[in-house]
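Q: Could you show me how to read the surroundings of a ligand, and then how to read a helix?

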Amino acid sequence: MSDIPSANPEQHQYWNETAGPKWAQLSDVIDTQIAPLGGEAMDRIGVGAGQRVLDVGCGCGQTTLELARRVGAEGAVLGADISRPMLESARDRALEAGLRNARFEHSDAQVHPFEAEAFDLVFSRFGVMFFSDPVAAFANLLRALRPGARLGFVCWQALAQNAWMLRPMAAVAPLLSLQPPSDPHAPGPFAFADADRVTRILRDAGFGSVAVEGMERELLVGGGASLDDTVGFLLQMGPAGAALREAAEDVRNKAAAAVRDAIAPFETEVGVRMPAAAWLFQATRPA
Ligand SMILES: C[S@@+](CC[C@H](N)C(=O)[O-])C[C@H]1O[C@@H](n2cnc3c(N)ncnc32)[C@H](O)[C@@H]1O
């Protein structure tokens, strides 16, 4: 049962009970790994001093705090997320950083009644691929933007383009009998892999001037940790991580060896660097 009005009970459960506590525990490593993609997205979108920004699916808040620094004391950022444990971590980080222009709200962004026309920018780093009804969700986010203001977010391209996830998943799949989702558009990290579909979703939600560009980069998987620590990190993430927590010790050992073999070719002096590919979408609420 969801403790907030939600159209996404399965995601609510997943991000509060399964993935959220893990993300909160590993947030420093995750942020080191994906911060370059979020930072570059902010650079390209252009975040101005004094702006009011909504950070959708803000998780443990690294982007919310970065946005708060960029908009400065005259601006304000609201981080919205469906996961209570991740928001707790975000609030702690904001306190620690002394950033008073960032606040957080526990909400399902698909249905939450955000203040109408209150934001100059809706931003997200990998937080918008989990809606049961993406058109309804983006129409809801559009209402929160002032007319003429922008939406900008990053989402993953297909798994095949993301060796940093494909290789570990392929390595453990035979041990855990993991099946790919039967619906490739079902809420999940790769739901927005088809850029044409996402463009249609944004247009159907009422956005104009929809533009997409590819961001193909190498990521420092595990945030620059040793090969063995990076294996340990990967084994805790995603559906495979959840399945492995329930698995017998010999299966976990076999999985660790298989993932180590799969990522060892990418070890460098500064850590494990692997190919990743995201889309950067930008769109405007028509004036
Ligand atoms: C892949 S994580 C990304 C977190 C964060 N943006 C980052 O880059 O570290 C996806 C986030 O979206 C949040 N989320 C999923 N569905 C949501 C919804 N309907 N409303 C608000 N947040 C949602 C999850 O709780 C999670 O924090």
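**Around the ligand**

A: Sure! Here 19 residues surround the ligand, and the closest are G57, D81, D108, A109 and R125; a residue counts if one of its heavy atoms lies within 4 Å. This is a predicted model, where local features need pLDDT of at least 70, side-chain atom pairs count only at pLDDT 80 or more, and totals for chains, interfaces and linings use all residues. Residues are numbered from 1 along each chain as its sequence is written, and side-chain values use heavy atoms, with hydrogens and water left out.

Q: Which classes of residue make up the shell around the ligand?

A: Ala, Val, Leu, Ile, Met, Phe, Trp, Tyr, Cys and Pro count as nonpolar, Asp, Glu, Lys and Arg as charged, and the others, Gly among them, as polar. This shell has ten nonpolar, six polar and three charged residues.

Q: What lies 2.9 Å from a nitrogen atom of the ligand?

A: Look for pairs of N or O atoms within 3.5 Å. That one is a polar side-chain atom of D108. With G57, a backbone N or O atom sits 2.7 Å from a ligand nitrogen.

Q: Which helix gives the most to the shell around the ligand?

A: Helices are DSSP runs (H or I, at least four residues), numbered from the N terminus. Helix 1, residues 9-45, gives the most, with three residues.

Q: Where does helix 1 bend?

A: Compare the axes fitted to the seven residues ending at a residue and the seven starting there; the angle between them is the bend. Helix 1 bends by about 75 degrees at L26. Just after this helix, G46 has a positive phi of about 85 degrees.

Technical notes. A polar contact is a pair of N or O atoms within 3.5 Å; within protein, one must be able to donate a hydrogen and the other to accept it, and residues adjacent in sequence count only if both atoms are side-chain atoms. Helices (H or I, at least four residues) and strands (E, at least two) are DSSP runs, numbered from the N terminus.
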